[in-house]
Amino acid sequence: MSRLRGLKKIADLRSPHEWFPLARISPRKINYHIGPTNSGKTYSALEHLKKAKTGIYCSPLRLLASEIFEKLNSSGIKCSLITGEEKTIIPGATHMSCTMESINLDESYDCALIDEIQMIGDQDRGSSWTNALLGLWSPEIHLTGDKRPLRLIKNLAKITGDELQTFEYNRLSHLEVCEPVTSIKDLKEGDCIIAFSRKTCHKLKKIIERKDPGSCAIIYGNLPIETRKEQARKFNEEKSVKYLISTDAVGMGLNYNISRVIFFDIKKNDGSGIRKLRPWEVKQISGRAGRFEKNGLVTAWSLEDAKFISQSLIETQLSIERETVNRAGLFPIYSQISEYAEQLTQNSKDIVYHKVLQSFEKSAFIEKFYFFQSIDEVCYNSELLWHLHLDFEDQYVFSHSPLRLTSKYLTRSLGEMAKNLKRKGEVKLIMEFDNTWSLDHLENLHALFELYIWLSKNYEPQVFPNYNDVCYQKKIIAELIEKKLDELPYEDADEIRKAR
Ligand SMILES: Nc1ncnc2c1ncn2[C@@H]1O[C@H](COP(=O)(O)OP(=O)(O)OP(=O)(O)O)[C@@H](O)[C@H]1O
Ligand SMILES: [Mg+2]
C-alpha cells in the first residue's frame with residue numbers, strides 16, 4: 001500500500017461506533033431524559049442507576065462526580081470514584097462515579113448514566129461524550145440533558161442499532177426576571193452574584209463584607225475542588241453566609257440554595273476575547289435560581305443588562321426547536337495517532353506531536369454526524385515543548401494535560417517538568433512553602449500539584465517520586481486557601497468600578 005493510502009486509511013474516522021465492539025455485542029436501551037435546568041432529570045436517572053446491580057455515573061465535572069460518589073455511598077450503595085486526579089476505590093463497590101474522560105469502556109455495567117449529553121457538541125470536550133455514548137458496554141443507558149441534541153442522538157442510535165426512548169421534564173419551579181439590583185443595599189439572603197473574573201469576584205466580596213463580615217461564599221474555577229465544596233456547603237447551610245459570589249463555575253450540575261441570580265456582568269472573556277453571553281449560557285446560569293419546588297428570580301446590575309437577560313431567556317425559549325446540536329465531537333485514539341505518526345515520518349526521532357495531529361486532522365474522513373474536536377489547546381501545549389525532543393508518547397501525555405492556558409506559571413512549570421523527564425528520566429518537585437504566601441501563589445501551587453498528580457498517573461511510580469508528598473501538601477494548601485479567603489484585607493470602594 002502506498003504511504004498516502006496508508007495514511008488515509010488510518011485517518012478514516014467514518015464509523016466510530018465500530019471502535020467499540022463490546023458495546024455492539026447486543027443492542028442497548030437508551031433512555032434520554034430531556035428537560036431544562038432544575039427539572040429533576042438527573043434525580044430520576046439516578047433512581048434507575050441506584051436500582052441496578054452494577055452501574056456507572058459519568059460526570060461533566062470532577063465536583064459533580066464527587067458529589068454523586070458521596071450521595072450513592074451515603075444511601076448505602078458502595079461506589080468508587082475515578083477522575084483524572086483522584087482514585088478512591090471502595091472495597092466491594094458495585095457502582096462507579098467518574099468524569100467523562102476517565103470512563104473504563106472495557107468494563108461491563110448493568111446501567112450507565114451520561115450526564116449533560118448536550119456537551120457532545122462541545123468543541124473542546126465533545127469526543128468524551130461521543131465515546132461514552134457509542135462505547136459504554138451496558139444494556140441500559142440513561143442520558144440527561146437539554147433538547148438540542150435530540151435529532152443527533154436519534155441518528156446515532158439508528159447507526160448503533162440501539163433502542164431509544166425519550167422522557168420529557170418540566171422545570172420544577174418557575175424562573176422570573178425581576179427588578180435590577182443597583183446597590184449592595186438591595187442584596188438579600190440567598191442571592192448569587194455572577195461576575196466573570198476571579199478578580200471581580202474578590203472585589204465584590206471585599207466590598208460586601210466591609211459592611212457584613214463573613215457574609216459571602218465565593219466560587220471560581222481556580223479554587224481547589226475541596227474549597228469550592230466547602231464554600232458551597234457554607235452558603236447552603238450556614239445562616240451567617242448569605243451571599244454567593246461566583247463565576248460561571250456555578251453553571252453546571254451542583255445544587256445550591258440560590259433564590260436570586262444577579263448578573264454583575266453580562267460579558268465574559270472566553271479565551272479568544274471579551275464577548276456577550278450567549279442565550280444558552282444565560283439560561284444555564286439563571287437556572288441555578290430556585291431549587292426543587294422553590295421559584296427562582298434572576299436579574300442584573302442595571303436595567304439595560306436585566307433587559308438583555310430577559311431577552312436571552314425569551315430567545316432560548318423560542319429557539320428550542322431551532323437551535324440544535326447536530327454533530328458529535330470526535331478525536332482519534334492514541335494508537336491511531338501513533339500509527340499515523342509512524343507512517344508519516346520515517347525517522348521516529350523527529351516526530352512532533354502537533355505536526356502529526358494537524359496532518360491527521362487535515363486528512364481525516366468524517367461522517368456528517370461528527371466533527372473533529374478542536375486541536376488548538378493540545379497543539380499549543382505541544383508547541384511549547386517540541387524543542388525538548390521528547391519521545392512521542394511523552395509529547396502526547398504532556399500535550400493533553402489539563403492546563404489553564406491563561407496561567408503562565410503553569411505553562412512554565414509544564415516545560416520544567418518535561419525538561420526534567422527528558423534529562424533525568426524522572427520529575428522531582430522541590431517543595432517548600434510558607435504561610436505568608438499570597439492567595440494567587442497558593443492557587444498556582446495547588447494547580448501545579450494537580451498537574452503533577454495528573455501526569456504521574458500516566459507513568460510508573462518511580463518517574464514521579466514525589467507523588468505521595470504532593471498529595472499530602474495539596475491538602476494543606478487547600479486548607480490554607482480556605483483560610484486566606486476569610487482573611488482578605490478590605491479595599492477601597494472605588495475598586496468595584498475599576499473591576500468592571
Ligand atoms: N422527585 C424528587 N424528589 C426529591 N427531590 C427531587 C426530586 N426531583 C428533583 N429533586 C431535587 O431537585 C433538585 C434538582 O433536580 P436535578 O438535579 O435532578 O435537576 P436537573 O434537571 O438534573 O438539573 P441540572 O440542570 O441542574 O442538572 C435536586 O436537588 C434534586 O435532588
Ligand atoms: Mg442534572
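An exposed residue has over 50% relative accessible area, a buried one under 20%, and a partly exposed one lies in between (1.4 Å probe, protein chains only). This is a predicted model, where local features need pLDDT of at least 70, side-chain atom pairs count only at pLDDT 80 or more, and totals for chains, interfaces and linings use all residues. Residues are numbered from 1 along each chain as its sequence is written, and side-chain values use heavy atoms, leaving out hydrogens and water.

**Exercise 1.** Find where E189 and K239 sit, and decide whether each is buried, partly exposed or exposed.

*Solution.* Start with the contact: the side chains of E189 and K239 form a salt bridge at 3.0 Å, N to O. Such a bridge needs a side-chain nitrogen of Lys or Arg within 4 Å of a carboxyl oxygen of Asp or Glu. Next, place the partners: E189 is in the loop between β9 (175–177) and β10 (191–194), K239 is in the loop between α7 (225–237) and β12 (243–246), and the two are 50 residues apart. Here helices (H or I, at least four residues) and strands (E, at least two) are DSSP runs, numbered from the N terminus. Finally, look at the surface: K239 has a relative accessible area of 66%, so K239 is exposed. E189, at 46%, is partly exposed.

**Exercise 2.** Work out which helices the salt bridge between E450 and R62 ties together.

*Solution.* First, the distance: these two side chains meet at 3.0 Å, N to O. E450 belongs to helix α15 (residues 439–456) and R62 to helix α3 (residues 62–74), so the bridge connects parts 388 residues apart in sequence. Then check the setting: E450 and R62 are both buried.

**Exercise 3.** Describe the salt bridge between E281 and K268, then look at the wider set.

*Solution.* The N to O distance for this pair is 3.9 Å. E281 lies in helix α8 (residues 279–286) and K268 in strand β14 (residues 267–269), 13 residues apart. E281 is partly exposed at 21% relative accessible area, whereas K268 is buried at 15%. Turning to the wider set, shared partners join R62, E85, E86, E226, E450 and K474 into one network. The count of salt bridges comes to 28.

**Exercise 4.** How many of the 14 residues of α6 are buried?

*Solution.* Begin with the helix: α6 (residues 198–211) reaches 21 Å from its first C-alpha to its last, close to the expected 20 Å. That expected span is 1.5 Å times one less than the number of residues. Now the count: 10 of the 14 residues are buried, so α6 is largely enclosed by the rest of the structure. Among them are T200, C201, H202 and K203.

Terms used: Chains are lettered from A and ligands numbered from 1 in the order in which they are written.
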